Structures are given as C-alpha cells and as structure tokens.
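Me: I would like to learn how to read a model such as this one, feature by feature. Please give me the general idea each time, and then the case at hand.

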Amino acid sequence: MTPEKIYLIDSSIYVFRAWFTVPNHIVNQDNEPVNAVYGFVDFVHQFLKQTQAKHIAFAFDESLSTSFRNQLYPEYKANREPAPQELKRQFVYCRELLQASGLFETAQPKYEADDIIGTLARQMRRRGHPITIVTSDKDLAQLIFKNDILWNFAKGQRHSIPQIRKQFGVDPSQIADQLAIAGDKTDNIEGAPGIGMATAAKLLNQFSSLEELLSNCAEISSMNIRGAKRIQGLIEDHQEHLLLYKKLTTIYCDIDFSDDISLERKPPDFPTLEKLFDKLGFSKYRRERWLSVLGA
C-alpha cells in the first residue's frame with residue numbers, strides 16, 4: 001500500500017496575504033475586522049477541494065521576536081513591523097477554525113513555522129510518506145528531498161529538486177549556505193556585502209558548503225569568476241558573521257514532537273464550528289460550503 005501524501009502548509013503567509021488583499025470592511029457581529037479569516041478560509045477551502053488531502057498540517061508563526069534565532073542575532077527580522085492587534089485576533093480565529101474542523105495546526109514560541117514544517121517533513125519522510133510543502137517562501141526549498149514537492153499554490157508552481165537547482169543554481173541542501181553568503185533582506189540577514197545569490201551559487205558549486213569555502217578561502221582568487229580577488233577579501237573579512245548567518249538561514253528540523261504524532265484529518269467538532277460561524281458572521285452559503293469540504 002502506497003503511503004499517503006503529506007501536505008505541510010506555511011499558513012501565516014496565507015493569512016497575511018488575505019489581510020492585505022481582502023477588503024477590511026468585512027466585519028463580524030462585534031464590528032471587528034474578519035477579512036483575513038475570510039481570505040484564509042477561502043484558500044483552505046480551495047486547497048482541500050482540489051487536493052482531497054487526508055494528512056495535512058498547518059504551521060503558524062507565533063512571534064517575530066521569541067525564536068531561538070532572535071537570541072543568536074537580535075537584529076533577526078527586526079526590520080518587520082509587528083502584526084497589529086486586529087490581525088493577531090484573526091490569527092486566533094483561523095487556528096480555532098482549523099482545530100474545530102479536525103485539521104492539525106500548531107505553532108511554537110521558540111521555533112518558526114519553517115522549523116515546524118522541517119521537523120514534520122523529516123518525521124513523515126522517515127515513515128515513507130511523500131512530502132508536499134505549500135508555501136511561497138524560497139527558504140523552504142532547502143527542505144526538498146527526492147520525491148518531495150515545493151508548491152506555490154497561488155501561482156500553481158510545483159518544484160522538485162531539478163527545478164530548484166535551476167532556480168537557485170545550487171542543490172536544496174546548499175540553499176542555507178547560499179542565503180548566509182548572499183544575505184536575506186526579508187529576514188534582515190546581511191550576508192557578505194556585495195555578493196549576490198548568483199555569485200554565492202558559483203562559490204558553492206566549487207566548494208560544497210560554507211564551511212568548505214571558508215577552509216579554502218585562499219583558492220577563491222584563482223577562480224574563473226568576475227572580481228574573484230575582491231570576493232575572496234569579502235569572504236575572509238566576514239567569516240565569523242557568515243557562520244552565524246548560516247545558523248539563522250538553516251531550518252531546524254529536530255523539534256521535540258511525539259514520535260506517534262498524527263496529521264490525519266479528524267471528525268469536525270460541529271458545535272464549536274457553529275459558534276465560530278456565528279462569531280465570524282458566516283453566511284448560510286459560506287457555512288454550507290465549508291462543511292461540504294469537510295465531508296459533512
């Protein structure tokens with residue numbers, strides 16, 4: 001019997017997207033904005049209807065400032081504005097709706113959604129399940145192994161190792177190194193100034209990892225790349241920083257989840273769902289549509 005496909009969803013992205021794209025005049029009975037909830041629910045409905053997924057996990061980011069990366073590097077993601085209270089409240093509604101629908105969801109104060117997805121992918125892969133990671137975040141490409149898929153659902157793009165290699169110029173296992181060298185502006189990681197993703201890829205095609213690159217710095221100046229001597233100087237000047245940056249860009253895949261954790265869909269909690277429908281001001285059509293995708 002072929003093991004069930006596992007879907008791991010980088011959920012916060014889809015809540016944020018709805019917050020910015022769905023009109024904020026959509027409010028509940030208490031006149032609170034619920035636009036992000038409506039947009040997220042529409043995404044989940046479309047996803048479940050299209051995939052008929054039986055094993056699925058929704059991973060959320062709990063905080064911008066409490067992960068282990070903030071302890072290593074206080075500037076990590078310091079360029080991002082914290083979510084407003086109106087959005088934080090909607091995140092709670094999204095998670096409550098998933099729980100009541102029998103869908104596995106989780107967040108961790110010390111770890112990001114990426115780390116949750118990485119850990120679950122490792123656990124489920126060991127059980128023989130093929131993995132599909134649903135996200136538009138390039139960082140998660142480092143988690144893709146043979147038989148896995150990285151799916152940008154909104155764009156309909158499914159990438160396996162060959163497509164990732166073509167996009168980044170390196171193997172998935174080298175992407176954390178590449179981001180450490182080139183930097184990642186979205187996460188406020190500087191990298192080596194003046195070295196971009198393409199040059200970082202050339203370095204990693206010559207040296208398999210950041211550690212090997214740093215051990216062979218003297219050889220960079222003789223490489224057939226533009227500005228090789230300058231690049232060698234930049235790498236040498238930023239060695240300690242680059243090793244720190246790799247700790248930030250590497251997804252942690254060893255969160256202490258139970259060995260028998262199950263991502264299988266469970267029966268919905270209908271009384272709780274009805275209360276949430278009322279609180280969120282769901283129309284009869286929206287309620288019936290959501291229940292239908294749950295098989296109710």
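Me: To begin with a single residue, is Glu-105 buried or exposed?

Reply: A residue is called buried under 20% relative accessible area, exposed over 50% and partly exposed in between, with a 1.4 Å probe and only protein chains counted. Glu-105 has a relative accessible area of 11%, and is therefore buried. Keep in mind that this is a predicted model, in which local features need pLDDT of at least 70 and side-chain atom pairs count only at pLDDT 80 or more, while totals for chains, interfaces and linings use all residues. Residues are numbered from 1 along each chain as its sequence is written, and side-chain values rest on heavy atoms, with hydrogens and water left out.

Me: With which residue does Glu-105 form a salt bridge?

Reply: A salt bridge here requires a side-chain nitrogen of Lys or Arg within 4 Å of a carboxyl oxygen of Asp or Glu. The partner of Glu-105 is Arg-95, and their closest N and O atoms are 2.5 Å apart. This pair links distant parts of the chain, since Arg-95 lies in helix 4 and Glu-105 in strand 3 (residues 104–108), 10 residues apart; the helices and strands are DSSP runs (H or I of at least four residues, E of at least two), numbered from the N terminus. Arg-95 counts as partly exposed because its relative accessibility is 22%.

Me: How many salt bridges does a search of the whole structure find?

Reply: The search finds 18. One of them joins Asp-187 to Arg-80, with the closest N and O atoms 2.6 Å apart. Here too distant parts of the chain are linked: Asp-187 sits in the loop between helix 7 (175–182) and helix 8 (197–206), Arg-80 in the loop between helix 3 (68–72) and helix 4 (85–100), and 107 residues separate the two. Asp-187 counts as buried at 6% relative accessibility, whereas Arg-80 is partly exposed at 35%. Both belong to a network of salt bridges that also takes in Arg-69, Lys-77, Glu-112 and Asp-115.

Me: How many of the 14 residues of helix 5 are buried?

Reply: The count is 11, so helix 5 is largely enclosed by the rest of the structure. Among the buried residues are Asp-115, Ile-116, Ile-117, Leu-120 and Met-124. In general, an α-helix has 3.6 residues a turn, so residues three or four places apart point the same way. As for its length, helix 5 (residues 113–126) reaches 20 Å from its first C-alpha to its last, close to the 20 Å expected at 1.5 Å a residue, where the expected span is 1.5 Å times one less than the number of residues.

Me: Which residues have a positive phi although they are not glycine?

Reply: Gln-52, with a phi of about 55°, is one of them, and Asn-188, with about 65°, is another. Gln-52 is found in the loop between helix 2 (35–51) and strand 2 (55–61), where it counts as exposed because its relative accessibility is 57%. Asn-188 lies in the loop between helix 7 and helix 8 and is partly exposed, with a relative accessible area of 27%.
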